Amino acid sequence: MLQQRLSSRISKTLNHVCSAYVVPKHSFTALSSQPNLQKLQQRVIPGDFVRWGSLGFCRTSSFATGFSPLQHKPLDSIMDVQRVKDRSPEDIASAWDDYHLGRGHIGASMKAKLYYLLEQRAADCRYFVIPLWRGSGYTTMFAQVQMPHILFTGLEDYKARGTQSAPYFTVSYYNEFAESKDLVLIRGDVVFTSKISDTEAKWLLETTQSFYLNDVRYKLVERFNKETHDFEFKDVLQALDMPIL
């Protein structure tokens, strides 16, 4: 019942402020206005298995197919935590990022201070909408920030199915090294590769974090969650230097 009430309340909010947000892909030329997604370069899957092995990584996790999005994968099932405790934060973060490249995985990291700020703000404002650029236009993604996870779903899917909608992309945060190394590891899993690419997923993660961690952008997140009637999606587009269609 609680989930149904929550879904109903969110659906009403989305219907009020997001009815015009899922924008069809109009054809136009806007080379100067295209977001940073275009600048992201595809990186090849590295072959540095020796380095991964020395840091205790184990390639036993499943990739996008069969991924269980709501089941937290323990850090020690991905890497040997004890083996890396004497390594530098830079070594750990670099190996982590490279290890997760390709085939539906995204690897990233952040400073502990930023993680705690994200955690604090997410507890107060759990939802947001992000326009995802698709060549000649954009589609809108709905982010549910429930630390230590973020779930991304197409806005239309969420409006239609609520909490029963399947996430396209999920993110998990690991703070085991937050105190000792000022490092939080981030793992993203693309659940549906037909819905979102690795490059798009990386951009979504970075962009969503920027709205929660940047004081100016966070005001839009607060407005979306707390002042629904004052929220304007065009302000999100302007913040991302995207054209208003």
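This passage describes the fold, the nonpolar cores and the salt bridges of a predicted model.

The chain has 245 residues, and buried residues make up 49% of them. Its secondary structure consists of 9 helices and 6 strands. The area exposed by the chain is about 12,300 Å², of which carbon and sulfur atoms supply 49%. Contacts between residues at least 6 apart in sequence were also examined, and 67% of these join residues at least 24 apart.

The 6 strands form an open sheet with antiparallel pairing, in the order 1-6-5-4-3-2. Strand 1 (105–110) and strand 2 (127–133) are the edge strands, each of which pairs on one side only. On average, and with direction ignored, neighbouring strands of the sheet are turned by 20 degrees against each other. At one edge, strand 1 runs antiparallel to strand 6 (residues 184–190), and 6 bridges join the two. Within this pairing, Met110 has Val184 of strand 6 as its bridge partner.

At the other edge, strand 2 pairs with strand 3 in the antiparallel sense over 7 bridges. Val129 has Phe142 in strand 3 as its bridge partner. The two strands, 2 and 3, form a hairpin with 4 residues between them, and Gly135 in the turn has a positive phi of about 80 degrees. Strand 2 is largely enclosed by the rest of the structure, because 7 of its 7 residues are buried. Both of its faces are covered: on one side lie the buried residues Tyr127, Val129, Pro131 and Trp133, and on the other the buried residues Phe128, Ile130 and Leu132.

Two helices were compared with strand 1. Helix 3 (residues 89–99) lies across strand 1, strand 5 (169–174) and strand 6, and it runs at about 160 degrees to strand 1. Helix 4 (residues 112–124) lies across strand 1, strand 3 (138–146), strand 5 and strand 6. The angle between helix 4 and strand 1 is about 105 degrees.

The largest nonpolar core holds 50 residues, and Phe128, Phe169 and Tyr173 touch the most other members. Helix 7 (residues 198–213) gives the most to this core, with 7 residues. Apart from this core lies another, of 12 residues, which include Val84, Ala93, Tyr174 and Leu185. In the largest core, Phe128 is one of the residues that touch the most other members, and Phe128 is also among the buried residues on one side of strand 2. For Phe169, neighbours within four places in sequence were left aside; the residues in contact with it are then Ile106, Ile150, Leu151, Phe152, Gly188, Asp189, Val190, Val191, Ile196, Ala201 and Leu205.

Helix 7 also contains Thr207. Thr207 counts as buried because its relative accessible area is 7%, and the cut-off for buried is under 20%. When neighbours within four places in sequence are left aside, Thr207 is in contact with Ile130 and Leu240. Of these two partners, Ile130 is itself a buried residue of strand 2.

The count of salt bridges comes to 10, and three of them are described here. In the salt bridge between Asp80 and Arg83, the closest N and O atoms are 3.8 Å apart. Arg83 is partly exposed, with a relative accessible area of 46%, and Asp80 is partly exposed at 31%.

Glu156 forms a salt bridge with Lys159, with the closest N and O atoms 3.5 Å apart. The two residues, Glu156 and Lys159, are separated by about one helical turn, because they lie 3 residues apart in helix 5 (residues 155–161). Glu156 counts as partly exposed, with 42% relative accessibility.

The third salt bridge joins Asp235 and Arg223, and its closest N and O atoms are 3.5 Å apart. This pair links distant parts of the chain, since Asp235 is in helix 9 (residues 233–239) and Arg223 is in helix 8 (residues 215–226), 12 residues apart. Asp235 is partly exposed at 21% relative accessibility, and Arg223 is partly exposed at 24%.

Terms used. Residues numbered from 1 in each chain as written. Predicted model: local features only at pLDDT ≥ 70, side-chain atom pairs only at ≥ 80, totals over all residues. Heavy atoms only, no water. Salt bridge = Lys/Arg side-chain N within 4 Å of Asp/Glu carboxyl O. Buried < 20%, exposed > 50% of the residue type's maximum accessible area, 1.4 Å probe, protein only. Contact = heavy atoms within 4.5 Å. Areas by Shrake-Rupley, 256 points an atom, 1.4 Å probe, with all protein chains shown as cover. Pairing = 2+ DSSP bridges. Axes fitted to C-alpha atoms, helices over the stretch in contact; angles between N-to-C directions. Core = buried A, V, L, I, M, F, W, Y, C linked by side-chain atoms within 4.5 Å.
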